[in-house]
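Welcome! Work through these exercises with the sequence and the 3D view side by side, and try each task before you read its solution.

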Amino acid sequence: MDIFMALLFILTVLTVRFLSKWYKIFLIGLKIPGPLVLPMVGNIQMVSKLKPENLLLSLRNFREIYDQTYRLWLGPELWVFLHTPQETRDVLNNRNLSRPQAFQYLNALIGNGLLISEGNHWAMHRRILEPAFNINILNTFSESISSHSDILINKIRALGEKCLDTLLWVEICKYNLMKMKLILKLSIGESNELLFQRMTNPLLFPDIIYRLTPMYSELKKSLKIIHKLMSDIVQERQNYLATKEHSTAGKMGKTFLDTLLTPTNSGKVFSFQDIRDEVNTFVLAGVDTTTSAMCYVLYALAKYPQEQQKLSEEIQHIQQGCELSANVGFNELQKYKYLDLFMKECLRFYTVVPLTGRQTTSSTRIGGRVYPAGVTVWINLYGLAHDPHLFENPDQFRPLRFAEEKSLIAFSYLPFSGGPHICIGRKYALMIMKIMTIKILEQFQLVLVDPVEDLILMAEMVLKSKNGINLIFKEREKSTIIN
């Protein structure tokens with residue numbers, strides 16, 4: 001009887017705590033507009049039916065319908081989709097918010113890397129890794145980026161002037177640049193798709209259900225390959241640094257992986273798990289996003305030939321008669337002013353990471369509303385970048401908008417997120433994209449295979465095109481390469 005009463009007491013306490021927490025969430029949810037909900041399940045039936053190719057359209061429709069912050073219910077879980085740059089600023093600058101529960105499923109792939117880690121763990125890793133992305137270090141990679149761009153150009157030239165799906169070739173270039181095997185690219189791609197399916201389907205959230213699905217078995221196979229290959233890469237570099245004749249010390253500083261593999265000045269030593277987590281994060285968050293962004297840069301060049309012509313003229317003007325550039329350093333890239341405007345507009349128009357989010361851990365003011373703990377807030381980065389209240393004629397591709405005197409509203413343009421968690425590798429990503437663009441435009445004119453075909457954009461981990469990005473690379477005549 002005593003045991004029964006004890007269990008009853010514990011159950012009662014847990015029930016009261018749950019209802020007390022949920023009641024606060026329920027009250028705030030009542031004050032926020034949103035689509036009709038069904039008893040018990042909320043909007044699960046609607047969310048679970050969304051496909052990547054119609055997710056952006058659905059979010060855009062909701063944004064236009066409500067013209068303010070709106071909500072979705074996933075059973076007792078409240079998802080709030082923020083509307084304004086001010087709300088976005090409050091979220092991204094708040095260090096007390098955690099990553100949404102849906103992001104935690106990425107732990108299977110990237111462990112506790114910078115993308116999803118929090119608190120002191122995140123702060124320490126970020127502080128230690130930040131110097132690996134300074135200008136001196138970035139300059140050491142320019143030659144390698146240029147040479148791998150040349151390899152890509154030679155492969156494209158060998159195929160002749162025929163239709164190419166740009167994504168595949170840019171992916172191969174990026175993984176070759178990082179000296180990673182093609183099977184790793186395939187395994188990471190498959191894992192991304194499987195994890196995204198789970199992250200966007202509330203029916204797959206419970207582990208007990210997900211582990212009964214074929215997706216779980218497929219994910220385990222891909223992760224086994226990824227973790228083995230990543231461990232081999234780390235171990236190989238570790239062995240290299242352990243030899244007496246090699247040292248990472250120098251005026252330039254240490255690269256990303258070498259920073260992880262060598263003790264800090266304070267004596268901090270990363271565990272092998274920490275190192276692998278950060279390397280996996282770098283590949284997932286860095287390579288895939290940069291590859292996707294570069295594909296949209298190439299597409300925009302072909303889609304808007306007048307912009308391609310302006311960039312070609314800028315390259316000719318800066319290089320002043322040199323036949324071809326052998327190497328473009330980080331500092332030299334600062335001369336390419338129109339290229340910088342073009343890149344900014346590409347990253348706005350094709351928002352590579354369309355959605356990000358946080359979860360409240362305590363009572364939190366966002367905009368003019370106070371949210372209790374346990375609310376997931378989403379930032380529609382794509383929606384902000386295409387909001388007519390924030391950008392004039394947002395559906396027009398116009399790089400010069402970034403040169404106009406009218407300043408951007410803070411936290412309306414976030415290609416690399418913002419606040420303390422802004423992308424650590426943003427300068428590196430832009431350097432790769434700019435060098436590749438210069439090298440390709442020196443030798444090719446880009447043309448759309450079908451000028452009237454529109455891209456079918458899919459909001460997955462990164463923005464993708466369902467129908468591919470199909471271009472023709474036409475060899476420039478020698479007399480028109482550089483005059």
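**Exercise 1. The sheet**

In what order do the 3 strands of the open sheet stand, and is the pairing parallel or antiparallel?

*Solution.* Keep in mind that you are looking at a predicted model.

Step 1. Begin with strand S8, residues 444-448, which is joined to S11 by 5 bridges. One of the facing pairs is Leu-448 with Leu-471 of S11.

Step 2. Now find strand S3, residues 164-165, and strand S11, residues 470-475, which are held together by 2 bridges. Here Asp-165 has Asn-470 of S11 opposite.

Step 3. Put the pairs together: the order is S3-S11-S8, and the pairing is antiparallel. As a reminder, strands of a sheet pair through backbone hydrogen bonds.

**Exercise 2. Edges and a neighbouring helix**

Explain why one side of S3 and one side of S8 have no neighbour in the sheet, then name the helix that packs on the sheet.

*Solution.* Step 1. Count partners: S3 and S8 each have a single partner strand, so each is an edge strand with one side left without a neighbour in the sheet.

Step 2. Look for the helix that touches S3, S8 and S11: this is H8, and its direction makes about 60° with that of S8.

**Exercise 3. Salt bridges across the chain**

Find the salt-bridge partners of Glu-475 and Lys-466, and say where each partner lies.

*Solution.* Step 1. The side chain of Glu-475 meets that of Arg-157 in a salt bridge, with N and O 3.0 Å apart. Glu-475 belongs to strand S11 and Arg-157 to helix H8 (residues 142-159), so this salt bridge ties together parts 318 residues apart in sequence.

Step 2. Check exposure. Glu-475 is partly exposed because its relative accessible area is 34%, and Arg-157 is also partly exposed, at 30%.

Step 3. Lys-466 has Glu-53 as its partner, at 3.1 Å from N to O. Lys-466 sits in the loop between strand S10 (463-465) and S11, while Glu-53 is in helix H3 (residues 52-66), and 413 residues separate the two. With a relative accessible area of 26%, Glu-53 counts as partly exposed.

**Exercise 4. A salt bridge within one helix**

Which residue forms a salt bridge with Asp-340, and in which helix do both lie?

*Solution.* Step 1. The partner is Lys-344, with the closest N and O atoms 3.4 Å apart.

Step 2. Both residues are in helix H17 (residues 337-349), and their spacing of 4 residues is about one turn of the helix.

Step 3. Asp-340 has a relative accessible area of 24% and is partly exposed; Lys-344, at 31%, is partly exposed too.

Step 4. To widen the view, the whole structure holds 17 salt bridges. Elsewhere, a network of salt bridges links Arg-60, Glu-64 and Asp-395.

**Exercise 5. A nonpolar patch**

Which residues make the nonpolar surface patch of about 380 Å², and is Leu-30 buried or exposed?

*Solution.* Step 1. The patch is made by Tyr-23, Phe-26, Leu-27 and Leu-30.

Step 2. Place Leu-30 on the chain: this residue is part of helix H1, which covers residues 2-30.

Step 3. Apply the cut-off, where exposed means over 50% relative accessible area. Leu-30 has 58% relative accessibility, so this residue counts as exposed.

Technical notes. Residues are numbered from 1 along each chain as its sequence is written. This is a predicted model: local features need pLDDT of at least 70, side-chain atom pairs count only at pLDDT 80 or more; totals for chains, interfaces and linings use all residues. Side-chain values use heavy atoms; hydrogens and water are left out. Patches are made of residues with over 30% relative accessible area and no salt bridge: like charges are joined within 9 Å, nonpolar side chains (Val, Leu, Ile, Met, Phe, Trp, Tyr) within 5 Å. Accessible areas come from the Shrake-Rupley method with a 1.4 Å probe; for residues, only the protein chains shown count as cover. A salt bridge is a side-chain nitrogen of Lys or Arg within 4 Å of a carboxyl oxygen of Asp or Glu. Buried means under 20% relative accessible area, exposed over 50%, partly exposed in between (1.4 Å probe, protein chains only). Two strands pair if DSSP finds at least two bridges between them. Contact means heavy atoms within 4.5 Å. Axes are lines fitted to C-alpha atoms, for helices over the stretch in contact, and angles run from 0 to 180 degrees between N-to-C directions.
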